[in-house]
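Colleague: I have the file open now. Can you walk me through what is worth a look?

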Amino acid sequence: QVQLVESGGGLVQAGDSLGLACVLSGRTDSPGAMGWFRQAPGKQRDIVAAVSAFGETTFYAESVKARFTISKDDDSHILYLQMNDLKPEDTAVYYCAARDRSSSNIHSYFLKVDDYAYWGQGTQVTVSS
């Protein structure tokens, strides 16, 4: 089992930066691909950014490209999301997600909610205009 705990959310103004962190605990010996999702009120949970198990491939939603950066520290078991030039439309609850490592797709990232077995509790990001 893997447990995920996000931190770093808050209230910021448009144009500000914010960094999120997701700490993995439990079975961290061979984590799989990971991702950040977000969910605004009344909307579905969407992918924001994703990274493969070894970190060599990444994906960004079109709306956050060139503004957000996903990264991970495997030694510390932490997944990060650096968010720059935040916009009001970035307001949402942000969730960290992880999946078990699989040898058949070790170099892939994953984009769907159903691709992930483990989820954090979410952290609120609010961007005022």
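Modeller: Start with the aromatics, and keep in mind that this is a predicted model. Ring pairs join Phe 37, Tyr 95, Tyr 116 and Trp 119 into a cluster.

Colleague: Which rings does Arg 45 sit over?

Modeller: Arg 45 lies over the face of Tyr 95, 3.6 Å from the ring centre. Its charged end also sits over the ring of Trp 119, at 4.9 Å from the centre. Both of those rings belong to the cluster.

Colleague: How many aromatic pairs does the structure hold?

Modeller: There are five aromatic pairs. One that links distant parts of the chain is Phe 59 with Tyr 109.

Colleague: Why is the pair of Phe 59 and Tyr 109 called tilted?

Modeller: The planes of Phe 59 and Tyr 109 are at 40 degrees, so the pair counts as tilted, with the ring centres 5.6 Å apart. Stacked would need planes under 30 degrees apart, and edge-to-face over 60.

Colleague: And where in the chain are Phe 59 and Tyr 109?

Modeller: Phe 59 is in strand β6, residues 58-60. Tyr 109 is in the loop between β9 (92-100) and β10 (118-119), and the two residues are 50 residues apart.

Colleague: Is Tyr 109 buried or exposed?

Modeller: In between. Tyr 109 has a relative accessible area of 34%, so it is partly exposed.

Colleague: Change of topic, cysteines. How many disulfides does a search of the whole structure find?

Modeller: One. The disulfide joins Cys 22 to Cys 96, with 2.1 Å from S to S.

Colleague: What parts does the pair tie together?

Modeller: Cys 22 lies in strand β3 (residues 18-26) and Cys 96 in strand β9, so the link ties together parts that are 74 residues apart in sequence.

Colleague: What about the handedness of the link of Cys 22 and Cys 96, and are the two buried or exposed?

Modeller: The link is left-handed, with -75 degrees about the S-S bond. Cys 22 has 0% relative accessibility and counts as buried. Cys 96 is buried too, and its relative accessible area is 0%.

Colleague: Pockets next. What is the volume of the largest pocket?

Modeller: About 170 Å³. Its lining has 14 residues, and the closest to the pocket centre are Arg 38, Ala 40, Lys 43, Asp 46 and Glu 89.

Colleague: Which strands supply at least two residues of that lining?

Modeller: β4 (31-39) and β5 (46-51) each do. The largest share, three residues, comes from β5.

Colleague: And what is the lining like by class?

Modeller: It has six nonpolar, four polar and four charged residues.

Colleague: Last topic, the backbone. Which residues other than glycine have a positive phi?

Modeller: His 77 and Asp 85 are cases of that. Phi is about 60 degrees for His 77 and near 50 degrees for Asp 85.

Colleague: Where do His 77 and Asp 85 lie?

Modeller: In loops. His 77 is in the loop between β7 (68-73) and β8 (78-83), while Asp 85 is in the loop between β8 and β9.

Colleague: Are His 77 and Asp 85 buried or exposed?

Modeller: Each is partly exposed. The relative accessible area of His 77 is 26%, and Asp 85 has 37% relative accessibility.

Technical notes:
Residues are numbered from 1 along each chain as its sequence is written. This is a predicted model: local features need pLDDT of at least 70, side-chain atom pairs count only at pLDDT 80 or more; totals for chains, interfaces and linings use all residues. Side-chain values use heavy atoms; hydrogens and water are left out. Rings of Phe, Tyr and Trp (its six-membered ring) pair if their centres lie within 6.5 Å; planes under 30 degrees apart count as stacked, over 60 as edge-to-face and the rest as tilted. Helices (H or I, at least four residues) and strands (E, at least two) are DSSP runs, numbered from the N terminus. Buried means under 20% relative accessible area, exposed over 50%, partly exposed in between (1.4 Å probe, protein chains only). A charge sits over a ring if NZ of Lys or CZ of Arg is within 6 Å of the ring centre and within 35 degrees of the ring normal. On a 1 Å grid over the protein atoms alone, a cavity is a set of points where a 1.4 Å probe fits but cannot get out, and a pocket is an open set with protein on both sides within 12 Å along at least five of seven lines; lining residues have an atom within 4 Å of a point. Grid points are joined across faces, edges and corners, and a volume is the space filled by probe spheres set on the points. Ala, Val, Leu, Ile, Met, Phe, Trp, Tyr, Cys and Pro count as nonpolar, Asp, Glu, Lys and Arg as charged, and the others, Gly among them, as polar. A disulfide is a pair of cysteine sulfur atoms within 2.5 Å.
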